[in-house]
Amino acid sequence: MTDHPATIDPRDAVLGRSRVTDTPELEAFYDDLARRNAGAFWKRANAIEPWEPETRYRPTLWRYADMRAMCLRAIDLVKPEEAGRRVVTLLNDSDAGRANVAVCGWLFSGMQAMRPGEITPAHKHTASAHRFIMEGKGAYTVVDGHPITLGANDYVLTPNGCWHDHGVTADGEVSIWQDGLDIPLMNCLETNFYAVYEQPAQTAAFPSNDLPLSYGGAGLRPEGVGAWDKPYSPVMVYRWDAVRDALWNLAKVSGGTPFDGHMMRYANPLTGGWALQTMGAHMQMLPGGFRGQAHRHTGNVVYNVAGGRGYSIIGGKRFDWQTHDIFCVPAWTWHEHVNLDLNEEAFLFSFNDFPVMEALGVRIEEPYSDHGGHQPA
Ligand SMILES: [Fe+2]
Ligand SMILES: [Fe+2]
């Protein structure tokens, strides 16, 4: 945030914007205001009310091959019961990212690897969390007593305030997943609480996978099951096979969107809304040879390549990606996606802060209209 610049931006030289030319008398007035914990609004108004959103975050990409190796090194260096959560944090390549421990905007993300037989001790927090599984076998989580098994490309919820612990069964394999949380948002709002459970792990209070098995049938709602009164999706885990099949089916009857190809929201089936209150998520399928058009919107998006290879042009810069690379698109930044494979689909998982934007009435989107809808890279 800069003070009123010495020269006025030509766009600000209009009635309605701050265009005061400072004088020695004004400088003295500013000093006197500062001594009273006050200031002249016109000195900073243009900076704190830009004409359009000015993100402090940069598009950033993390290669899976590289970050996977770092996760495996963490396994050798520290035990999960000592680390609490043995997570390699993804920090946006910006001062704001490093200061706020943010992957992009008010979102946090990390990568977590666990060996067979290891557990992450049970805890809960105000921040909402979800996990996207990248590889492994035998991974599970227990959320408020509900045990959930996890496979590659599954998306699982850990809603705010729920007790949760994770682990990999003794007969499983090293498992790696991506965590997404809204820790920076909760800290920004100064609402962050944290608690550890009385035991290292919860005792299962329900049959394994009871919630996805009850509520996970597309278009079906179970009768004779206690009414669901929680503000998040009862499905809890969205299985890769079902999500991929749904996208294939959608593609049989739809051309998809010009920006995102075929796209499915991980929805709360009882409301049609987002699965969590503060973070949304999608899986999108880019058909072979897909070249998307550019658009931009408020809200931040973090992608995990569920399969395939291609590139995205973000803010005019090209980022090539392949399976399980992670990258982000900061708020109000132009972006477009390309599938480099002509015959195979590419799948992009992503999570976002759109539910917050919607709740606050500031979810705004704009297509890129120049150059046939494509940014000059
Ligand atoms: Fe947690
Ligand atoms: Fe987008």
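**Note on a predicted protein model with two iron sites**

1. The buried residues of helix α3 pack against five strands: β1 (61-62), β2 (87-89), β3 (108-114), β5 (129-143) and β8. The structure under review is a predicted model, and this helix is a convenient place to begin reading it. The buried residues in question are Tyr64, Met67, Cys71, Ala74 and Ile75. Viewed down the axis of α3, they fall within an arc of 105°, and therefore they line one face of the helix. The face turned away from that buried side carries Ala65, Arg73, Asp76 and Leu77, which are exposed.

2. The length of α3 may also be checked. The helix covers residues 64-77, and at 1.5 Å a residue its 14 residues should span 20 Å. The C-alpha atoms at its two ends are 20 Å apart, in agreement with that expectation.

3. The overall chain deserves a brief description. The protein chain contains 9 helices and 20 strands. Its radius of gyration is 23 Å, close to the 21 Å that the globule rule gives for 377 residues, so the chain is as compact as a globular protein of that length. Along the principal axes, the C-alpha trace spans about 75 × 50 × 45 Å.

4. Burial and contacts within the chain can be summarised together. Of the 377 residues in the protein chain, 47% are buried. Among contacts with a separation of 6 or more, 75% involve residues 24 or more positions apart. The chain exposes about 18200 Å², of which carbon and sulfur atoms supply 54%.

5. Which residues of the protein hold the iron ion (ligand 1)? The donors are His123, His125 and His164, each through its NE2 atom, and they lie 2.1 to 2.2 Å from the ion. Along the chain these donors follow the spacing H-x1-H-x38-H. Distant parts of the chain are linked here, since His125 belongs to strand β4 (residues 119-125) and His164 to strand β8 (residues 164-181), 39 residues apart. Both of these strand residues have little accessible area: His125 is buried at a relative value of 8%, and His164 is buried at 1%.

6. His164 merits a closer look. This residue is found in strand β8. Leaving aside neighbours within four places in sequence, its contacts include the other two donors of ligand 1, His123 and His125. Also in contact with His164 are Pro121, Ala122, Lys124, Arg131, Val142, Val143, Thr158 and Gln202. Val196, which is 32 residues from His164 in sequence, lies 9.6 Å from it in space, C-alpha to C-alpha.

7. Where does the chain coordinate the iron ion (ligand 2)? The coordinating atoms are the NE2 atoms of His295, His297 and His335, at 2.1 to 2.3 Å. In sequence, the donor residues are spaced H-x1-H-x37-H. His295 lies in strand β13 (residues 295-297) and His335 in strand β18 (residues 335-339), so this pair ties together parts that are 40 residues apart in sequence. His295 and His335 are both buried.

8. Two residues call for attention on account of their backbone angles. Most residues other than glycine have a negative phi. Asn37, however, has a positive phi near 55°, and Trp332 likewise has a positive phi of about 55° without being a glycine. Asn37 is located in the loop between α1 (24-34) and α2 (41-48), whereas Trp332 is located in the loop between β17 (326-329) and β18.

9. Are these two residues buried or exposed? Asn37 has a relative accessibility of 79% and therefore counts as exposed, the cut-off being over 50%. Trp332 has a relative accessible area of 12%, so it falls under the 20% limit and is buried.

10. Helix α1, which precedes the loop of Asn37, can be read in the manner used for α3. Its buried residues are Leu26, Tyr30 and Leu33. Seen down the axis of α1, these fall within an arc of 65°, so they line one face of the helix. Helix α2 is among the elements that cover them. On the face turned away from the buried side, α1 carries the exposed residues Pro24 and Glu25.

Definitions and conventions
Residues numbered from 1 in each chain as written. Chains lettered and ligands numbered in written order. Predicted model: local features only at pLDDT ≥ 70, side-chain atom pairs only at ≥ 80, totals over all residues. Heavy atoms only, no water. Donors = N, O, S within 2.8 Å, 3.2 Å for Na, K, Ca; no water. Helix = DSSP H or I, 4+ residues; strand = E, 2+ residues; numbered from the N terminus. Buried < 20%, exposed > 50% of the residue type's maximum accessible area, 1.4 Å probe, protein only. Expected span 1.5 Å × (residues − 1). Arc of directions from axis to C-beta. Contact = heavy atoms within 4.5 Å. Rg over C-alpha atoms; globule rule 2.2 N^0.38 Å. Areas by Shrake-Rupley, 256 points an atom, 1.4 Å probe, with all protein chains shown as cover.
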